[in-house]
Amino acid sequence: MTVGSRAGGFRGLAPFGEEDATLWRGREAETAELLQRASDSRTPVLLTGEPGSGKTSLILAGLLPAARQARLLPIYLEGALDWRWQFHQQMARLGGELPAPRTDAHRLLDEHLAARQLKPLLILDHVEQLIWAEERAIDPLRQLVARLRALSECRLVIAVDRGHLHALEPLSTDLDGLAEARTVNLERLAADAAGALIEQTVLGGGGYIEDGLPLTIAEELCADGPVLPATLQMVGHAAALRGATRAKTYHRAGGAWVLAQTYVATLARRAGGWRTRRLLSAFADQANPRALLRLDELARLAGMTDDEAQRKLA
């Protein structure tokens, strides 16, 4: 069981990529809405939702292919810290070779746009990471955004976790007050939609699932309210890997919540077990994720010796 392996069309905890566009299901209406809003105005469009609501999958497997068909040039940058590497990789795909490390990114983009006569669509994902980024790391990205927004045909889509809209401020002072009309929200899925998504994902991936079982799984997961797509992916992935695609084998496996807990426990065990989880918890408990911890501090917080911590981190 691995995070990124495919099983019956499911990806588990890994997002769908552009290469998975034919397998990805469930957010077609939101994708069309996002592309429409990005196309009809230069005013930026905000994509938001809870972690696990499918923002990255929507962008990679939905928006990127749709943008290319609409004669837009999508420029996808994920996160705040390694955007230069990603930008150069995309320029390499356009130009056929990797640009020199010190190549002027602005000039390179201008050349590609002029040669192809395409409208640029800048997509910034996981913008909430800017909250913890150093100013010296943010400034070059801010300059790139400003340079692109100065182009008359440029469009901008920004994806950020719900509750972290203040992360937009470092990019530009006019981004944190985007109107509701320029915002696409990804909500949780009700049982009917969740069941349909499970069935479509299985069939799209060439798998099999007993008639009626997708809705049974969805209703179980939605017993306390709508469910996140990430949870569906996790349970669907676990069920496919366990062969729990008939009602009998599914219930024998313990049902949705047992499958979900077993899935997470298996991933944690393969990553190093409970000791690794304690190390990860020590990192997660830091108020500032950028804060550097010495090895002895990390070991103390995780309740292990320096040597044990060193081996787990190696």
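Begin by selecting A191, D192, A194, G195, I198 and E199 in α6 together with P214, L215, I217, A218 and E219 in α7, since these are the residues through which the two helices meet in this predicted model. The residues of this contact comprise seven nonpolar, one polar and three charged.

Now widen the selection to the whole of helix α6 (residues 191–204) and helix α7 (residues 213–221), whose axes lie 8 Å apart and which pack at an angle of about 135°. The two helices, α6 and α7, are therefore oblique to each other, and their crossing is right-handed.

Turn next to the open sheet, in which five strands run in the order β2-β3-β4-β1-β5 with parallel pairing. At its edges stand β2 (72–78) and β5 (183–186), each with a single partner strand, so one side of each has no neighbour in the sheet. Averaged over the sheet and with direction ignored, neighbouring strands are turned by 15° against each other.

Select strand β1 (residues 45–49) along with β5 to see a parallel pairing over four bridges, where G49 stands opposite L186 in β5. Add α1, which packs on the sheet and touches β1, β2, β3 (119–125), β4 (155–161) and β5, its direction making about 165° with that of β5. Helix α5 (residues 135–149) also packs on the sheet, touching β2, β3 and β4, and its direction makes about 150° with that of β3.

Finish on E30, found in helix α1 (residues 28–39): is this residue buried or exposed? Its relative accessibility is 17%, so E30 counts as buried; leaving aside residues up to four places away in sequence, E30 touches L58, V184 and L186.

Key. Residues are numbered from 1 along each chain as its sequence is written. This is a predicted model: local features need pLDDT of at least 70, side-chain atom pairs count only at pLDDT 80 or more; totals for chains, interfaces and linings use all residues. Side-chain values use heavy atoms; hydrogens and water are left out. Axes are lines fitted to C-alpha atoms, for helices over the stretch in contact, and angles run from 0 to 180 degrees between N-to-C directions. Angles under 35 degrees count as roughly parallel, over 145 as roughly antiparallel, 65 to 115 as roughly perpendicular and the rest as oblique. A crossing is left-handed if the near helix is turned anticlockwise from the far one by less than a right angle, and right-handed if clockwise. Contact means heavy atoms within 4.5 Å. Ala, Val, Leu, Ile, Met, Phe, Trp, Tyr, Cys and Pro count as nonpolar, Asp, Glu, Lys and Arg as charged, and the others, Gly among them, as polar. Buried means under 20% relative accessible area, exposed over 50%, partly exposed in between (1.4 Å probe, protein chains only). Two strands pair if DSSP finds at least two bridges between them.
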